[in-house]
Amino acid sequence: MIHINRPPKSRNPQSLNPINSLQNPSFSQSRMPSFLSKSFLRLPPKSLLFPMSTVAAAKSRLRGVVFDMDGTLTVPVIDFAAMYKAVLGDVEYKRIKAENPSGIDILHHIESWSPEKQQEAYKIIADFEKQGLDRLQIMPAQLCGFLDAKKIRRGLITRNVKDAVDLFHQRFGMMFSPALSREFRPYKPSPAPLLHICSTWDVQPNEVMMVGDSLKDDVACGKNAGALTCLLDEKGRYGSQDFANLDLTPDFKVSSLIEVHSLLKSNFDLTP
């Protein structure tokens, strides 16, 4: 079932300024297009985002969809709990999990460690990710064909490594461009990677939708960039209390990737 949520109260526009977030040297301020100024980072009016309301309005244009990879385009195969325990140890894992009920950001957590300890942690993470690559399975691919037919661009943002993205493209024969891995800094939930894709496509952020299975990474990335957001929640993990705890409410919520197809047809102008 597709759920459509009303957008939260507008955030402080200053906090959405992408120039403050973009640290990738290849994405300098000199290349920042004018449409990425903070005046364009607000979501469009509710009547445009939610045409199912009583207010009649023309459907807004959608020019691109950006997907998360692990758990969205691919079936989850990594045992994250086991990986976190291997990196942190059982005692530290339990402590951090208790302090972060919405999930552990392992990459952010180890950034404060010494270089030697970081290297050891990244090796453990890479080993688990390699095991995941060996069992990689793709989600249903019908949506990609639909987007191609409508000439809607599709990109990818993941916190996995570039090798995983390359294998995904090679194994399943479908390309997402740009496809940004965690080598692009700062990574999700920073809006930087999504704003970089908008710049590459030469579109405004509010003409793009971010689709992913993580509230704190994917939805946060999209919201902070000023894009539309769709939360993929196959197991019903998220509810209104989770949205309130993180002060994040996705614009749409679906229980399967296939539902995104009907969501787009019902709510947006998809004229090629």
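**Contacts along the chain**

I looked up how the contacts are distributed in sequence: of those with a separation of 6 or more, 68% are between residues 24 or more positions apart. I note that the model is a predicted one. I counted twelve helices and nine strands in the chain. Of its 272 residues, 49% count as buried. I recorded an accessible surface of about 13,400 Å² for the chain, with 52% of that belonging to carbon and sulfur atoms.

**Nonpolar cores**

In soluble globular proteins, nonpolar side chains tend to be buried together. I therefore looked for such groups here, with that tendency in mind. The largest nonpolar core has 30 residues, and Phe 67, Met 209, Leu 264 and Phe 268 have the most contacts inside it. I then asked which elements supply at least two residues each of this core. They are β3, α7 (142–149), α8, β6 (208–212), β7 (228–232), β8 (252–254) and α12. Helix α7 gives the most, with four residues.

I followed Leu 264 in particular. Leaving aside residues up to four places away in sequence, Leu 264 touches Leu 62, Val 65, Leu 143, Phe 146, Leu 147, Met 209 and Leu 270. Another core, of 16 residues, lies apart from the largest one; among its members are Leu 180, Cys 198, Trp 201 and Val 208.

**Helix α8**

I examined helix α8, which spans residues 162–172, and found Ala 164, Val 165, Phe 168 and His 169 buried there. These four cover an arc of only 135 degrees around the axis, so they sit on the same side of α8. What lies exposed on the other side of α8? I found Asp 163 and Gln 170 there. Just after α8, I noted that Gly 173 takes a positive phi of about 65 degrees.

**Helix α12 and Asn 267**

I located Asn 267 in helix α12, residues 258–267. Is Asn 267 buried or exposed? Its relative accessible area is 2%, so Asn 267 is buried. I looked for a polar partner and found that a polar atom of the Asn 267 side chain lies 2.9 Å from the backbone oxygen of Leu 263.

**Salt bridges**

Side chains of opposite charge can pair when their charged atoms come close. I found 14 salt bridges in the structure and inspected several of them.

Lys 188 forms a salt bridge with Asp 68, with the closest N and O atoms 2.9 Å apart. This pair links distant parts of the chain, 120 residues apart: Lys 188 is in the loop between β5 (179–180) and α9 (192–201), and Asp 68 is in the loop between β3 (64–67) and α3 (80–88). I checked the accessibility of both partners. Lys 188 is buried, with a relative accessible area of 2%, and Asp 68 also counts as buried, at 6% relative accessibility.

Glu 92 and Arg 95 form a salt bridge in which the closest N and O atoms are 2.5 Å apart. I placed both residues in helix α4 (residues 90–99), three residues apart, about one turn of the helix. Glu 92 counts as partly exposed at 27% relative accessibility, as does Arg 95 at 37%.

Arg 154 meets Asp 148 in a salt bridge, at 2.8 Å from N to O. How accessible are these two partners? I found Arg 154 buried, with a relative accessible area of 13%, whereas Asp 148 counts as partly exposed at 40% relative accessibility.

I also noted a network of salt bridges that links Asp 105, Arg 159, Lys 216 and Asp 217.

**Ser 214**

I next turned to Ser 214, in the loop between β6 and α10 (215–225). The relative accessibility of Ser 214 is 13%; the cut-off for buried is under 20%, so Ser 214 counts as buried. Which backbone atom does its side chain reach? I found the side chain of Ser 214 at 3.1 Å from the backbone nitrogen of Asp 217, and Asp 217 belongs to the salt-bridge network noted above. Not counting residues up to four places away in sequence, Ser 214 touches Val 219, Leu 231 and Tyr 238.

Definitions and conventions: Residues numbered from 1 in each chain as written. Predicted model: local features only at pLDDT ≥ 70, side-chain atom pairs only at ≥ 80, totals over all residues. Heavy atoms only, no water. Buried < 20%, exposed > 50% of the residue type's maximum accessible area, 1.4 Å probe, protein only. Polar contact = N/O pair within 3.5 Å; in protein donor to acceptor, adjacent residues only side chain to side chain. Arc of directions from axis to C-beta. Salt bridge = Lys/Arg side-chain N within 4 Å of Asp/Glu carboxyl O. Core = buried A, V, L, I, M, F, W, Y, C linked by side-chain atoms within 4.5 Å. Contact = heavy atoms within 4.5 Å. Areas by Shrake-Rupley, 256 points an atom, 1.4 Å probe, with all protein chains shown as cover.
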